[in-house]
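Hi everyone, thanks for making time for this. I'd like to walk you through one model, a few places at a time. Have a look at it on the screen first.

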Amino acid sequence: MPLISMRQLLDHGAENGYGVPAFNVNNLEQIQAIMQAAAETNSPVIMQASAGARKYAGEPFLRHLIEAAIEQYPDIPIVMHQDHGVSPAVCQASIRSGFSSVMMDGSLKEDGKTPAAYDYNVDVTRRVVDMAHAVGVSVEGELGCLGSLETGMAGEEDGVGAEGHLDHSQLLTDPEEAAQFVKATGVDALAIAIGTSHGAYKFTRPPTGDILAIDRIKEIHKRIPNTHLVMHGSSSVPQDWLKIINDYGGDMGQTYGVPVEEIVEGIKNGVRKVNIDTDLRMASTGSIRRFLAENRKEFDPRKFLGVTVKAMKEICKARYEAFGTAGNAPKIKPVSMDKMAERYKKGELNPVVK
Ligand code: G3H
Ligand code: 13P
Ligand code: ZN
């Protein structure tokens with residue numbers, strides 16, 4: 001099956017009431033884990049590459065790994081998405097290299113750290129929408145800054161996100177401004193700020209409504225029911241993997257993520273794309289630490305890399321099942337990028353916002 005656009009997949013999710021995990025990919029093992037889990041659960045897939053991933057693996061390697069996944073799994077619809085583009089130029093390069101979806105994160109300036117003004121965000125996002133939709137590629141925008149409602153600190157841990165202290169209004173997307181933003185830009189999906197942040201250190205306690213604002217998702221969805229919402233920083237920080245990492249020589253502090261049942265509540269209220277990176281990193285690190293500690297004579301990397309595939313795959317399967325993604329792959333008939341471009345041109349796909 002050729003790559004499909006994110007808009008096509010999220011529209012299918014909205015029509016059928018499910019969400020799709022968007023897993024970050026940097027290497028072969030992550031891609032194998034995601035694809036094996038998708039094949040076993042019949043799930044459509046979103047794989048996304050960050051600037052860090054492109055720096056690590058190199059864009060041609062990432063692209064060819066994803067193309068290998070397409071060849072090996074012809075029955076699974078796959079979206080290849082660029083995560084957190086910091087400028088129209090970055091998005092343009094990804095569109096040219098064949099990504100079927102891009103994120104223009106204009107909530108931050110081009111340095112990826114400084115919170116940007118609303119007008120700047122509208123301007124850069126609108127420009128990306130114009131060039132992406134002309135070739136059928138989907139666009140995710142972001143309004144509001146990821147960061148902790150517990151501390152007011154922005155979430156720059158992973159090198160993606162604002163730096164320093166933010167006020168409450170920056171950390172929670174405003175529903176009215178979201179409506180204006182979607183109308184002004186024509187984005188296909190909108191990432192919103194509700195108290196999540198990238199990386200493992202999201203919450204110092206299991207989150208309650210004051211620090212993980214699921215109600216804000218409900219308010220935004222009520223205001224823009226036709227816009228697909230995106231939750232970033234949505235790893236659940238599995239406590240079993242945290243313990244394994246620490247039991248086998250690691251030194252991670254006690255920390256909590258976004259509970260799967262809260263994400264499911266989000267999916268009932270318009271969330272269609274759920275970004276997950278940290279959970280797979282933790283499963284990978286924990287399984288390597290345990291394997292090497294228990295197999296001290298082993299020196300074949302395929303052995304310890306092999307256990308990471310199994311560990312990550314179990315998490316992917318659990319998310320596909322929990323988010324309702326499972327079983328939907330065979331129900332999606334791919335629409336070509338040219339056809340998507342035509343539909344944008346005819347105005348059939350613009351979100352209706354009053
Ligand atoms: O957007 C955040 C992801 O976790 C990517 O992180 O920039 O280290 O690849 P990264
Ligand atoms: P996590 O760090 O919670 O996995 O979030 C990943 C993300 O939002 C990528 O854009
Ligand atoms: Zn993110």
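Let's start with helix 6, residues 118-133, in this predicted model. Helices here are DSSP runs of H or I with at least four residues, strands are runs of E with at least two, and both are numbered from the N terminus. What span should helix 6 have, at 1.5 Å a residue? The expected span is 1.5 Å times one less than the number of residues, so the 16 residues of helix 6 should cover 22 Å, and its end C-alpha atoms are indeed 22 Å apart.

Which residues of helix 6 are buried? Buried means under 20% relative accessible area, exposed means over 50%, and partly exposed is in between, using a 1.4 Å probe and protein chains only. The buried ones are Asn-121, Val-122, Val-124, Thr-125, Val-128, Val-129, Ala-132 and His-133. An α-helix has 3.6 residues a turn, so residues three or four places apart point the same way. The cover over those buried residues includes helix 5 (88-96), strand 4 (101-104), strand 5 (138-143), helix 8 (175-185) and helix 14 (337-345).

A quick word on the ground rules. Residues are numbered from 1 along each chain as its sequence is written, while chains are lettered from A and ligands numbered from 1 in the order in which they are written. Because the model is predicted, local features need a pLDDT of at least 70 and side-chain atom pairs count only at 80 or more, while totals for chains, interfaces and linings use all residues; side-chain values use heavy atoms, with hydrogens and water left out.

How confident is the predictor? pLDDT is its confidence in each residue, from 0 to 100. The chain averages 96, and 98% of the residues score at least 70. Confidence is lowest in helix 7 (residues 168-171), with a mean of 88, and highest in strand 1 (residues 20-24), at 99.

Now strand 4, which we just met as cover for helix 6. Ser-101 lies in strand 4, and Ser-101 is buried, with a relative accessible area of 0%. Its side chain makes a polar contact of 2.7 Å with the side chain of His-81. A polar contact is a pair of N or O atoms within 3.5 Å; within protein, one must be able to donate a hydrogen and the other to accept it, and residues adjacent in sequence count only if both atoms are side-chain atoms. Beyond its neighbours within four places in sequence, Ser-101 is in contact (heavy atoms within 4.5 Å) with residues including Met-6, Val-79, Gln-82 and Val-137.

On to ligand 2. How many residues surround ligand 2? There are 15, and the closest are Asp-83, Lys-202, Ser-235, Asp-277 and Thr-278; a residue is counted if one of its heavy atoms lies within 4 Å. Strand 3 (78-85) and strand 8 (271-276) each supply at least two residues of that shell. Oxygen atoms of ligand 2 also find polar partners: a backbone atom of Gly-199 at 2.8 Å, a side-chain atom of His-232 at 3.2 Å, and a backbone atom of Gly-233 at 2.8 Å. Taken alone, ligand 2 exposes 310 Å², and the protein buries 98% of that; these areas come from the Shrake-Rupley method with a 1.4 Å probe, and for residues only the protein chains shown count as cover.

Lys-202 turns up again as a contact of Ser-148, along with Met-153, Leu-171 and Gly-195, leaving aside neighbours within four places. Ser-148 sits in the loop between strand 5 and helix 7 and counts as buried at 9%. Its side chain reaches the backbone nitrogen of Thr-151 at 3.0 Å.

Last stop, two backbone oddities. Most residues other than glycine have a negative phi. Asn-42, in the loop between helix 2 (28-41) and strand 2 (45-49), has a positive phi near 55°. Val-237 has a positive phi of about 50°, in the loop between strand 7 (228-231) and helix 10 (239-247). Are they buried or partly exposed? Asn-42 is partly exposed at 39%, whereas Val-237 is buried at 1%.

That's my tour, and I'm happy to take questions.

Technical notes:
pLDDT = per-residue confidence, 0-100.
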